[in-house]
Structures are given as structure tokens and as C-alpha cells.
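Dear colleague,

I am handing over the structure we spoke about, and below it you will find my notes on what was found. Please read them with the model open beside you.

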Amino acid sequence: MAPTGQLMSEHRLIERMIPLLQRELSRIQATKKVDQRFIEIAVDFFRVYTDFCHHGKEEHILFGELEAKPLLPEHRAMMEELIREHAFVRGIVKELLEAKERYGQGSGEALADINRTMSILSTFYPAHIEKEDKHFFPLSMEYFSQNERDQMLEAFRKFDSSIIHELYREKVLGLEQG
Ligand SMILES: [Fe+2]
Ligand SMILES: [Fe+2]
């Protein structure tokens, strides 16, 4: 399997969140009530799985290795656009979490921010994923030999296996500093 094959299979799980977000959005719009547990699970998914684990491999490994290649200017521009999109959506997830916290404290206007950020998430990911799956990933693999692709898959495996340790180390650190 090419390293982008693994990233594409992770996209399939991210995509499964989209109809769930849409269903929850319709429910919020109909009832004007927020299921805070749903948002907590969704925020955890987008922070840990999508950002830390998935964008992490894209940015730190795939894009990092591409930096060392003689990238065509249009390919570099595409990569930079993907990095900007990751930063944008990271901000949206943070806003969603903050809006959920304000909602929990009784803020009525938090509902509008929850609606806005959830609907951005539900349209952002299908477009971002299509750019990667159909355009950037196939062309990016052309820069690597079979041996380099195999090494990248191994780097992905190491990255994934370190995540749980790093995550819980951070949690302990947070408690120690709290
Ligand atoms: Fe991405
Ligand atoms: Fe991706």
C-alpha cells in the first residue's frame, strides 16, 4: 500500500462524521437544544483523530518529506493551501468547543456559533478530502521511489504508535500544571 492509501482510508472514517454532524445540526435547529455529549465526542474526534493523528501524518511526514524534493511551484502552492486549510479548521473546532462551553454556562447566543461551526465542518471536510484524494495525493506520490514510499509507511506506523503515549503524557502534564 502507498502511504497515501493509509491517509485515504482515514478519510473514509472522517467522512462518516459528516452525516452525523448534519443530523445533529437539523436536530439543534428543530429543538434549539444542544446535545453537549455529541459535541464533546465530535470535538475529541476532530482534535485527536483528525488533527493530531491524520493531519499530523500529512504535515509532519508526507509534506515534510516533500519539502526535501524539487517541488513544482504549483504543487508547492497546493501543499501550502492544504496546510492553511488545516489551520483554519483547527480554529473552527476550537470555536465549536468554546461555544459548547458557553452554551453549558447558559449563554443563548452560543447556539448560533455552534450552528455556524458545525455547518462549516460539515462542508469543509468533503471538499478538503476531495482535493487530497483526487489531486494532491496522486501527484505527491510521483516524487517518491518505492523504497521511499515503504519508509514513509513505516514512519506513519511509528507516528501512530506514539500517539496514545503522547496524548496521555499531555493529560498528566495538564493536571500537574493545573
Ligand atoms: Fe489534509
Ligand atoms: Fe487528509
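To begin with the metal site, the arrangement around the iron ion (ligand 1) is irregular, with angles of 86 to 175° among its 4 donor atoms; please bear in mind throughout that this is a predicted model. That classification follows because four donors count as tetrahedral only if all angles lie between 85 and 135 degrees, and the upper end of the range here is 175°.

The protein donors of this ion are Glu-58 through OE, His-86 through NE2, His-128 through NE2 and Glu-132 through OE, and they lie 2.0 to 2.2 Å from the iron. Along the chain, the donors of ligand 1 follow the spacing E-x27-H-x41-H-x3-E. A second iron ion (ligand 2) lies 3.2 Å from the iron ion (ligand 1), and Glu-58 coordinates both of them.

Two of these donors, His-128 and Glu-132, belong to helix α4, where they are 4 residues apart, or about one turn of the helix, and both of them are buried.

Helix α4 itself deserves a closer look. It runs over residues 110-141, and at 1.5 Å a residue its 32 residues should span 46 Å, which agrees with the 43 Å that separates its end C-alpha atoms. The helix nevertheless bends by about 40°, and the bend is at Glu-132, a residue that is also listed among the donors of the iron ion (ligand 1).

Further along the chain, Ser-140 is another residue of helix α4. Is Ser-140 buried or exposed? Its relative accessible area is 0%, so it counts as buried, the limit being under 20%. The side chain of Ser-140 reaches the backbone oxygen of Phe-137 at 2.8 Å, and, leaving aside residues up to four places away in sequence, Ser-140 touches Thr-4, Leu-62 and Leu-66.

Met-1, by contrast, is placed in the segment before α1 (3-31), and with a relative accessible area of 66% it is exposed, because the cut-off for that term is over 50%. Exposed as it is, Met-1 still touches Gln-6 and Leu-153, again not counting residues up to four places away in sequence. Between Met-1 and Glu-74 there are 26 Å in space, C-alpha to C-alpha, for a separation of 73 residues in sequence.

With kind regards

Methods. Residues numbered from 1 in each chain as written. Chains lettered and ligands numbered in written order. Predicted model: local features only at pLDDT ≥ 70, side-chain atom pairs only at ≥ 80, totals over all residues. Heavy atoms only, no water. Helix = DSSP H or I, 4+ residues; strand = E, 2+ residues; numbered from the N terminus. Expected span 1.5 Å × (residues − 1). Bend = angle between axes of the 7 residues up to and from the residue. Donors = N, O, S within 2.8 Å, 3.2 Å for Na, K, Ca; no water. Tetrahedral: all angles 85-135°; square planar, octahedral: opposite > 155°, others 65-115°. Buried < 20%, exposed > 50% of the residue type's maximum accessible area, 1.4 Å probe, protein only. Polar contact = N/O pair within 3.5 Å; in protein donor to acceptor, adjacent residues only side chain to side chain. Contact = heavy atoms within 4.5 Å.
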